[in-house]
Each structure stands twice: as structure tokens, then as C-alpha cells.
Amino acid sequence: MDATLPLRDAISPAEASPASARLGEALSVAGIVHAYSGAPAVDDVSFDVPAGGVAAILGPSGCGKSTMLRIISGLVTPTAGVVRLGARDVTRMPARERRVGMVFQNYALFPHMTVRENVGYGLSGLKGAEKRAEVDKLLALVRLEKFADRLPRQMSGGQQQRVAVARALAPRPTLLLLDEPFAALDRALRADMQFEFLRLQRELGITTILVTHDQEEAQAVADRLIVMNAGKVEQAGSPSELYDRPRTLFVNTFVGQASVIKASVAAESETASTLRLSTGDEIHLPRRSGFMRGTNVVIAVRPEHVVLHEKPAPGAIPARRMMAVPQGPLRLHDLLLADGTPLKAAERRAPGASDAPPGGTVHVTFELDHCRLYPSS
Amino acid sequence: MANGDRLYRAVVFGLGWLAVAFMVAPVAVGLVMSFTAGQTLKFPPDGFSLRWYTALFDPVRSAPIHTAIWNSLQIAVLTVLGAFLFAMPAAYGATRLKGKVSAIVEPLMLAPLVLPTLVYGLAALIAFSNIGLRPSLPLVVLGHVVVFGPLMYRACIAIAQRLDPSLEEASTLLGVGAFMTFLRITLPLMVPGILAGAFLVFMQSLDNVSVSLFLADARTSVLPLRMFQMIEESLDVRVAAISGVLIGVVFVGLFFARRVLEPARSA
């Protein structure tokens, strides 16, 4: 279903040089609350990122993820809560003393300075040849040795991003923050930059937190996802954990895709339950639903767990084909159930098979083990 | 449609060229007159010579003019400096204010531009006399800073408002304090605004009559007042020569200003 390669698995930690892999410190935030003029932007947020880990704070715009990043960086002091970096409580420590590297969404390169001056800006303790050597080392790290004397505006977006990363790493931070780091890059370049970034991250072992609204990006890069919605953490865990066992409907639909069907519990016993869908059809789960009889619920089903049948089958529900789009080895169907509920289905594409015309009727069943139930909101 | 287009173009271009002619013609006339070989200011000139320029640069005959030029240059340079020291930080600060506060501060900062300078000059003279200050060159500078400072403020705020706040945040996170961040990031990025403001303030100060008239003492003659006297007394052609020099300086100034304000960004 997910076309993105899980990059974090493609680069083995064995490649990382053990000598330099001690840069990262663990981050822990607990009970963070922050309000801009009354309305809370962040409400009781807690999570941990182990030293050397890559975490992605994932959520729609306005969910408070950028505010969290600014709180961790020290640019914003939270109303309540604790930010801990390694063993230090840094909640009240000013941003300039925190030694936290940050890559801004627009990179925020100093436009009047060359790449060398930008990267050397945070090396205030070094002078002359020593500083030059350190900047050269950082430029080599991001493979921009040849661009040292360019101005930022003379470089492409991808190159600018690497300058921003090199500049953020210069003061040897123990934590690196990235705000939507790949959003401004076009799709083809993005995968390259993500791979390049992970290579660097593994090499340095620096603890990294990125903020993104793009779940594919988060899944590709991070080993830990923190899904936020409306200022709160919905769920935190590994990408597969969140994909396979989403705790809320929001996580289920935001991490990966899912269709949502309204239903009510028609029968409930110790070992089985029956759900009446909004279409009037009934489906039988071979387990307890966990809800009382008569409760309104929603069923979330991922496209790869919808099975298509050309002919009516026992327990199958009729649906109208609206659109079918081939995507790599899969074909993605947009279907409509009898009551107008949209349903997405993914089907393995037989090689050479012609695309079925839209408009016909198809019959669907669900892989019931993978259907998840949530209380109706 | 085509007819309407033609009419539209005729009106717009016609008005445009009329405006250009209206602005350029007096300058051209003044310039041409300054090269006259005759005794008086008139157009068209009697013959062509550089005699009035020679007369203007004669250190003995034009000594009072040179004094006036020197005074005016001092006043203009000090006014630019004063405007830079007060208006530039004010402009930067104003961009960091909340909406409500800046809605109050902004008109206050620009008020001197709206107030008739003659009124300000008279009011300043009376106010200064009351606290025992007599007209002098520093008072002229002070008056010019108040009246022309807003030009610097406006030029700077236009740039400061467009500065990306994340640049300063990036500097902070790289361990650099607020003051050094201002010197190394904010100030260099405001240079185009500062130069534009400096040019405007310099020219306005050099040209000002109304404030200088009240705040300059009898011994401190300034160029525009001096020129005015010369025309009143004798239609002295050296006034045209001074204008010629000023026009030349302005053109050179504008040429360099363009270079600095629009550097080879596309390179």
C-alpha cells in the first residue's frame, strides 16, 4: 500500500562509525502545556525520544506540532511542563545556551553570507585555520565542499537544505530539530534527501526530531512516530505499531489510509459479534466488539483489507465502482456503498490485465481480523 | 475593443509623457541657463561658457557661498547620522510591536512629515528660546532630524517588515546573543533601507529652507537660504551653477543608489 521505501531499514546501524556515534542525548518532555492568547496550542503533551533515535511529530496543520518543536528548541517557554535533555532540565534554559540544532522549514539561511560563513556562524569559539577546517569538515559531511563560496540564493532547494543541516550541526548539538524539512522539495528529490539525511544521522548518532504533516515521510524516516491532534498526543510508537494497532480513529485514518463505515452493534457475545452497517448489511466478527448492544460505532478498514469479488459471495456487500487507478503493483479502487459511504480498496494487479471500466457493481468482503472498531463520535 | 485600447494607451502614455516633461523641463532649463556667457539669468542663454562655474569655484569671490555649502553639508551629514541613530532602531522596534501598539506609534512617528515644516520651525524656535537655547547649527541639525527622520523611518520599516523572523531565531539557536544577532544579521540586511533613507534625508536636509530659517543663527548661513538671497539681490547666475552642481551630484548619487539597492541579485 505504502509506496515509500522504509529508508530507516535500508541503512543498517552497522555502517555507522562507532567513534562518532555518541553525540545524541535522550529527550523527554512531560506535561507540556502552552497557550497563545488563551486558546491552548499544546495541552498536556508527554513523550520520550531515546538517545540517537529519530522521532517524527506527525499531525495536521494547527495540531500544535510546530509549537512543540519551538518549546523543545527553547524559542518558546511553555506555560507548564518539563523539557529534559539527557539528565538536564532545560525548561527554563534560554535557547542560545541549549545546544539544540534546528533546521527551519524555509532553511533560514543568512542571505548576505556565503555557505562557508553560514556554516561557520555558530562556531564562535574557533578562529582562523581551525574554524576553516571545521567548516570544511561539515561541508564534506553534507557533500557541499565545492559550494563553500556560493551565496544561498545561488543554490537549489536541496543544496540549501544541506547547508541548513551543516549549519545546525556546527555547534555540535546533542539534539537536532527539523521543521517540515522535506516539504519544499519536489517528490523525486525528497526520497534522495531523506536517504542522505538518514545516512548522516546514523553516522553522527544525533537524536533527531522532525515535524511533518506527511505520514509517508514520517514513516520513511522516523523510528518513532508521535501523532498529535488538536494539541494532544493521540498515540506514540513505532510506525508499524501505529499502522497495525492504531488506538484512535484519528490515528487509523491519518497514518496510512482507512475508510470509515458507520455501524451499530446488533449482537454481542463472548466469542462473536454482529454489526449492522449503515447500508443495512450485517457483518459478523469472530470476536467480541467490546461495545454494548445498540452502541453506534465506526468501522475503520484499510484498503488492503478490502477483498473484491466479481460475483455475489456469501456475506459480500455490493458496491459501485467509481474510479480505479493503477499504482505500481496495485490497483486502487474508489467504491461507493449502497448508502453513499465511500470505500477505498487496493487490489494486487495481475500483470497485463486491462483496467475494468468504472460504473460496474462489485462485491466486497473485509478481512475481519484487521477491521478496527471505534466509538462513534 | 481595439479602439478602446488605443484610446486608453493614448491617455496613459500622454499623461505619462506630460508628467515627465513637466518634471524634467525646469531642470533642463536651469541646467542650460547655468552655461550662459551673459551677465544675467535668462532663457535662452546668451552664448555658452563655463564662466559662472569658474566664478562659483573661485575661493575668494565665492567665499560666502562656500561657507554656506560647508554648513549645509555638515548639517545634512549630521542629520543623516541622527536619523540613522533614532529612526532606524525605531523602525526595527516598530516591527516587533503588537498590532494595537504599532497602530498608535506609527502615525506618531510619521507626524512630522504631515505637519507643515514652517509651523514646526517657528514652534521649535519658540520652544527652544523658552528653555534658553539660541539658534545655532546644532539646533538646525536637531530640527532636521525631527522633520526628516520619518523618511529614514519609512525606508527602514519597509525593509524591516520583510525580514524573516526565523533568521534571528536561527542566530539565537546558534548561540549568538540578541545584540550580536542585530549587528551581524539584522543590520546588514537593513542596509538597502538605510541607504535609501540616508539619501532622502540628505537631499531634504540640504534643500531645506523653512526649518533652517528659524533655527540657524545669523552667522550660520546655509546653502538654500544663501541662494535665495542671491536671487533676490541680483539674479546671480552662480545660483544656476550651484543648481547644475547639485543636479550632477544627485544623478551620480542615484546611479550609485541603484547599484547598491539592486545588486546583481540574479547573478
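**Figure 1. Helix α2 of chain A lies across three strands of a sheet.** In this predicted model, helix α2 of chain A covers residues 65–73 and lies across β1, β2 and β4 of the same chain. Strand β4(A) takes in residues 80–85. Relative to β1(A), the helix runs at about 120°.

**Figure 2. The open sheet of chain A with the strand order β2-β1-β4-β5.** Four strands make up this sheet, and their pairing is antiparallel. Look for β2 (39–49) and β5 (88–89) of chain A at the edges, where each pairs on one side only. Strand β1(A), residues 27–36, is joined to β2(A) by seven bridges, and these two strands run antiparallel. For a handy landmark, find A35(A): the residue standing opposite is P40(A) in β2(A).

**Figure 3. A five-strand open sheet in chain A, ordered β15-β19-β16-β17-β18.** Here the pairing is antiparallel. Strands β15 (306–309) and β18 (342–348) of chain A stand at the edges with a single partner strand each, so one side of each is left without a neighbour in the sheet. From one strand to the next, the twist averages 45°. Zoom in on β15(A) and you'll find four bridges to β19(A), residues 361–366, with the two strands running antiparallel. V307(A) stands opposite T365(A) in β19(A), which gives you a residue pair to steer by.

**Figure 4. A108(A), an alanine with a positive phi in a loop of chain A.** The phi of A108(A) is about 50°, although this residue is not a glycine. You'll find A108(A) in the loop between β6 (100–103) and α3 (115–120) of chain A. Is A108(A) buried or exposed? A108(A) has 26 other C-beta atoms within 10 Å, so it counts as buried; the cut-off for that is 20 or more.

**Figure 5. A230(A), another residue of chain A with a positive phi.** A230(A) isn't a glycine either, and its phi is about 50°. The loop that holds A230(A) sits between β9 (224–229) and β10 (232–237) of chain A. How many other C-beta atoms lie within 10 Å of A230(A)? There are 14, so A230(A) is partly exposed.

**Figure 6. Helix α4 of chain B, with a kink at L108(B).** This helix runs over residues 99–114, which makes 16 residues. At 1.5 Å a residue the helix should span 22 Å, and because its end C-alpha atoms are 22 Å apart, the two values agree. Still, there's a kink of about 25° at L108(B), shortly before the proline P112(B). Why does α4(B) lie largely in the open? Of its 16 residues, the number buried is one, so that is where the helix ends up.

**Figure 7. Helix α10 of chain B and the residue just after it.** Helix α10(B) has twelve residues, 223–234. From its first C-alpha to its last it reaches 16 Å, close to the 16 Å expected at 1.5 Å a residue. Move just past the end of α10(B) and you get to L235(B), which takes a positive phi of about 50°.

**Figure 8. Where chain A touches chain B.** On the chain A side, 15 residues are in contact with 14 residues of chain B. The side of chain A that touches chain B breaks down by class into nine nonpolar, five polar and one charged residues.

**Figure 9. Chain A, the setting for Figures 1 to 5.** Chain A comes to nine helices and 20 strands. Its C-alpha trace spans about 80 × 50 × 40 Å along the principal axes. Of its 377 residues, 39% are buried. Among contacts in chain A with a separation of 6 or more, 67% come from residues 24 or more positions apart.

**Figure 10. Chain B, with eleven helices and zero strands.** Running from the N terminus on, each element in chain B is an α. The C-alpha trace of chain B spans about 70 × 70 × 35 Å along its principal axes. Chain B has 267 residues, and 31% of them count as buried. For contacts in chain B with a separation of 6 or more, residues 24 or more positions apart account for 73%.

Note on methods
Residues are numbered from 1 along each chain as its sequence is written. Chains are lettered from A and ligands numbered from 1 in the order in which they are written. This is a predicted model: local features need pLDDT of at least 70, side-chain atom pairs count only at pLDDT 80 or more; totals for chains, interfaces and linings use all residues. Two residues are in contact if their C-beta atoms, placed from the backbone, lie within 7 Å. Ala, Val, Leu, Ile, Met, Phe, Trp, Tyr, Cys and Pro count as nonpolar, Asp, Glu, Lys and Arg as charged, and the others, Gly among them, as polar. Two strands pair if DSSP finds at least two bridges between them. Axes are lines fitted to C-alpha atoms, for helices over the stretch in contact, and angles run from 0 to 180 degrees between N-to-C directions. The expected span of a helix is 1.5 Å times one less than its number of residues. The bend at a residue is the angle between axes fitted to the seven residues ending there and the seven starting there. A residue is buried if 20 or more other C-beta atoms lie within 10 Å of its own, exposed if 12 or fewer, and partly exposed in between; C-beta atoms are placed from the backbone.
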